[in-house]
Amino acid sequence: MWHHDLGIVGQVPGLGDHVGRHEPRPVHADAVAGEGGDVVWKPAYPPSANSQIASENVRPAVRSSWSHTVVRTWALASPREPSGSPRRFRYVRIGVLGAARIAPTALVRPAAAVDGVEVTAVAARDRGRAVAFASRHGIATVHDSYEALVADPALDAVYLPLPNGLHARWVLAAIAAGKHVLCEKPFTANAAQAREIESAAAGTGLVVMEAFHYRYHPLARGMRAVVESGDLGEIRRVETAMCFPLPRFSDIRYRYDLAGGALMDAGCYAVHCLRLLTPGGEPTVTAARALTLRRDRRVDRAMRADLSLPGGGIAAVHASMWSSTLLKIRARVTGSRGTLAVTNFAAPQLPFRFAVTVDGRRHRERFAGQTTYVHQLRAFAAAVAGEPTNLTPPSDSVATMTVIDAIYTAAGLPRRI
């Protein structure tokens, strides 16, 4: 995620407030728009004899012959609006819990592009900041406290971009108040907190979604489809990285008491993407190494971890907010027949690269569409309306935080609290 909440603005040329307003990339010559705006992917390489199409949001394969190449068509369906016209269900009225810098990019601007969503209230520790935020973004109601916003009967849902260490408390408060929740990542400070939320949400009918926005973009579904298709052969190695520069060590993302650290703020993406690309189960941490702050050795500024895969392969995670690796957002899967290599999996509305090589033949793909945040908010609204579009529920968060806890333990650092 190349933007405000990762501290990139003002540090990397060309990245800033334009995020979220970038024009969609054109569709590749081998990709065409399908029904309902779906992306139809036609990789130009021969499938393996035992390849299968991924089940999640991927339609059955259609095969045709182009010259000497067997071409398979994959239709990667976007999360759907609720059945029928979006205007037939009541609006989802969302309150913003904290006037964070990420909120305009992640919620306010996307809400203008998603039918059935209104951002109607905001609260911040500093009321003056909340008033300024509301005035700037046309939000009608300013609450005096977080408690007042959560208790507001006019709201259906809460968007929570608070510091990591405050997530669990306020997600639980929102659930208790009967509100749907869209919570920024990392979901909680540790796996135990994630499990507590999972238990609290169970049986309520409420949507609780961790805001891994990249997961809702067609590119993420494309990555998953390639791995699950079997075309790469036996998966031998998976590598993911999320590294960006944040040399301002007074930033709250370096505070242990707020569940900070590179693995939390950057590495949660790398861990989540690794899990997305791990076939047949969850990875197991085998070793980890951290670079820490001089003033607080509990806080990592960079982290590397080695993992084993359920099928016998190996994996590696790299996260950094300050190290010799300044900017690296990548995913790579190596199989016995080929590789999947993706640069900038986290924000494909910006320049990215998606390349599949199978049996020596390389194919690059582009995915047209709106920003990851628009896809995410559309899925959230649809889930509130009863559609099965929540790909990052608390159960998924528990699995991610379990890996993060294990990495901290393997690195000899305390888990976040």
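**Exercise 1. Is C183 buried or exposed, and what is its relative accessible area?**

Solution. The model is a predicted one, and the values below are computed from it. Step one is to take the relative accessible area of C183, which is 0%. Step two is to compare this value with the cut-off, under which a residue counts as buried when its relative accessible area is under 20%; C183 is therefore buried. Step three is to treat C243 in the same manner: its relative accessible area is 0%, so C243 is buried as well. As a last step, one may ask about sulfur pairs, and here the count of disulfides in the structure is zero.

**Exercise 2. Determine the surroundings of H167.**

Solution. Begin with the position in the chain, where H167 belongs to helix α4, a run covering residues 167-176. Its relative accessible area is 0%, and H167 is therefore buried. Setting aside the neighbours within four places in sequence, the contacts of H167 are L160 and L162, together with C183, E184, K185, P186, F187 and T188. The buried cysteine of the first exercise, C183, is thus one of the residues that H167 contacts.

**Exercise 3. Work out the strand order of the six-stranded open sheet and identify its edges.**

Solution. Reading across the sheet gives the order β7-β6-β5-β8-β9-β10, with parallel pairing. The edges are β7 (141-143) and β10 (208-210), each of which pairs on one side only. From one strand to the next, the twist averages 25 degrees. At the β7 edge, strand β6 (residues 117-123) is joined to β7 by three bridges, and the two strands run parallel. To place one bridge by residue, A121 has T141 in β7 as its partner.

**Exercise 4. Locate V358 and state how far it lies from R337 in sequence and in space.**

Solution. V358 sits in strand β17, which spans residues 353-358. With a relative accessibility of 0%, V358 counts as buried. Between V358 and R337 there is a separation of 21 residues in sequence, while their C-alpha atoms are 5.6 Å apart in space.

**Exercise 5. Describe the nonpolar cores and name the residues of the largest one that touch the most other members.**

Solution. As background, nonpolar side chains in soluble globular proteins tend to be buried together. In this model the largest nonpolar core has 84 residues, and those touching the most other members are M223, L340, F345 and F354. Its largest share, seven residues, is supplied by helix α8 (residues 267-276). A second core, separate from this one, consists of 35 residues, among them V92, A157, A381 and L391.

Technical notes:
Residues numbered from 1 in each chain as written. Predicted model: local features only at pLDDT ≥ 70, side-chain atom pairs only at ≥ 80, totals over all residues. Heavy atoms only, no water. Disulfide = S-S within 2.5 Å. Buried < 20%, exposed > 50% of the residue type's maximum accessible area, 1.4 Å probe, protein only. Pairing = 2+ DSSP bridges. Helix = DSSP H or I, 4+ residues; strand = E, 2+ residues; numbered from the N terminus. Axes fitted to C-alpha atoms, helices over the stretch in contact; angles between N-to-C directions. Core = buried A, V, L, I, M, F, W, Y, C linked by side-chain atoms within 4.5 Å. Contact = heavy atoms within 4.5 Å.
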